[in-house]
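Student: I am new to this structure. Please take me through one part of it closely, the place where its domains meet.

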Amino acid sequence: MRLWALRMTDFEATRRFFHLPKGMIYLDGNSLGPLPKSVPARLEAMARDEWGEMLITGWNRAGWMAMPRRVGDRVGRLIGAPDGSVVLGDTLTIKVYQALASALEMRPERRVILSDSGNFPSDLYMADGLVKSLDRGLELKIVAPKEVADHIDETVACLMLTEVDYRTGRRHDMPALTTKAHKMGALAIWDLAHSAGAFPVDVLGGGADFAVGCTYKYLNSGPGGPAFIYVAPGITEDVRPALSGWLGHEAPFAFDLDYRAGAGIDRMRVGTPAMLQMAALDAALDVWDNVDMDDLRARSIELIDLFIAEVEARCPAVTLASPRDGTKRGSQVGFRHPEGYAVMQALIARGVIGDFRAPDIMRFGVTPLYIGEAEILGAVGHLEEILNTNEWDTPVFRTRAAVT
Ligand SMILES: *Cc1c(COP(=O)(O)O)cnc(C)c1O
């Protein structure tokens, strides 16, 4: 690990980029990133000067139509994707479906979609729905995360995995699993929801065929921000978009009655993109211009190691749910407690924001762009007090809200 002093990233400067509510310790940037200070002005300007003044001409004059590609390239740089291989739009759930439908069509003779029980349920639900719609004997095979490699064989059409487990933070070995998939003739789809902006990712070097992710977690685009999809440059022209919307057409404004896929990654566009959210993402991405991803990774591991050491020394009632080896984690850490939900509510009442994932995991995102030692030590101090005094043990904290 490099020495602190040698880091190129100024984490005090990146912290100043964000609006962080006074008195709050925000450890949930893995679910919804905080507001970059530049975003409200950008949204206002977009609404007033572009939407307000240009109206429909904004699609050309303000470059709206090109934005899903242009901003896609900016996201691409964070995940090791070459320019022109990433496009933005829709939500992650839709992008999962799109990638999977295309991959299955490229392996028509194979029957198995291989995923794991650590995957985010929405990804599995989409696969299940697609299997039912296609009705051609496909099987969604869900195995334990540790057993994925053993189940990659010649029956597998595609591997569909989320690199970082949303609950425990356990990280798959993307290059190794992808290599094995390719060796067996399968395609690999990677969901980078908890990877993009969390640590260096190399989709091209790692050989992913498809990669998808959202931008409202570590990329701070705001609630409902656009998702992204990457298709490996070598296969893009073989991909038939199952969601064949007009903006993925070769010539949307020819208004032809037949569909012809657009050139390159543009074919993965579907319909009219949410431009205000796209503008928010564009402004939010400015912070990365001054971030060295290796610095970010080193700092994240350092902070989580500190978090684990402090919790284990001071809070014997909880147990670590995440890998102890920092290189095998994403940028989040989970701790188990039988009453984890109530304990998390007590933390939130004190202004320490993490979240809870059933059945018993308290989850904390550690995002070095705006989190440092003071926040980690503060959070552990509150947790220790809550556990020592049983402050969590009240009906108010035990009652589940709709969003946990
Ligand atoms: C956050 C997350 C989603 C959410 O998808 P949306 O369409 O944005 O609601 C899906 N999959 C994974 C792996 C996630 O972490």
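Tutor: In this predicted model, the C-alpha centres of domain 1 and domain 2 lie 29 Å apart. The domain assignment gives domain 1 two stretches of chain, 11-30 and 292-398, and gives domain 2 residues 42-289.

Where the two meet, 27 residues of domain 1 are in contact with 22 residues of domain 2. Between them the domains bury about 1900 Å², and 63% of this area is on carbon and sulfur atoms. On the side of domain 1, Phe17, Met293 and Gln332 lose the most area to domain 2; together they make up 27% of what that side buries.

As for polar groups, seven residue pairs are in polar contact between domain 1 and domain 2, counting pairs with both residues at pLDDT 80 or more. Salt bridges across this interface number zero by the rule used.

The contacts of domain 1 can also be sorted by element. Helix or strand elements that give two or more residues to its side are α10 (293-314), β12 (332-336) and β15 (361-365). Of these, α10 gives the most, with four residues.

Elsewhere in the model there is an open sheet of seven strands with mixed pairing, in the order β4-β10-β9-β8-β7-β5-β6. Its edges are β4 (86-88) and β6 (139-143); each has a single partner strand, so one side of each is left without a neighbour in the sheet. Neighbouring strands here are turned by 20° against each other on average, direction ignored. Helix α6 (residues 121-134) lies across β5, β6, β7 and β8, and runs at about 155° to β6.

Technical notes
Residues numbered from 1 in each chain as written. Predicted model: local features only at pLDDT ≥ 70, side-chain atom pairs only at ≥ 80, totals over all residues. Heavy atoms only, no water. Pairing = 2+ DSSP bridges. Axes fitted to C-alpha atoms, helices over the stretch in contact; angles between N-to-C directions. Contact = heavy atoms within 4.5 Å. Domains from an automatic or database assignment. Buried area = accessible area lost by both parts, 1.4 Å probe. Salt bridge = Lys/Arg side-chain N within 4 Å of Asp/Glu carboxyl O. Polar contact = N/O pair within 3.5 Å; in protein donor to acceptor, adjacent residues only side chain to side chain.
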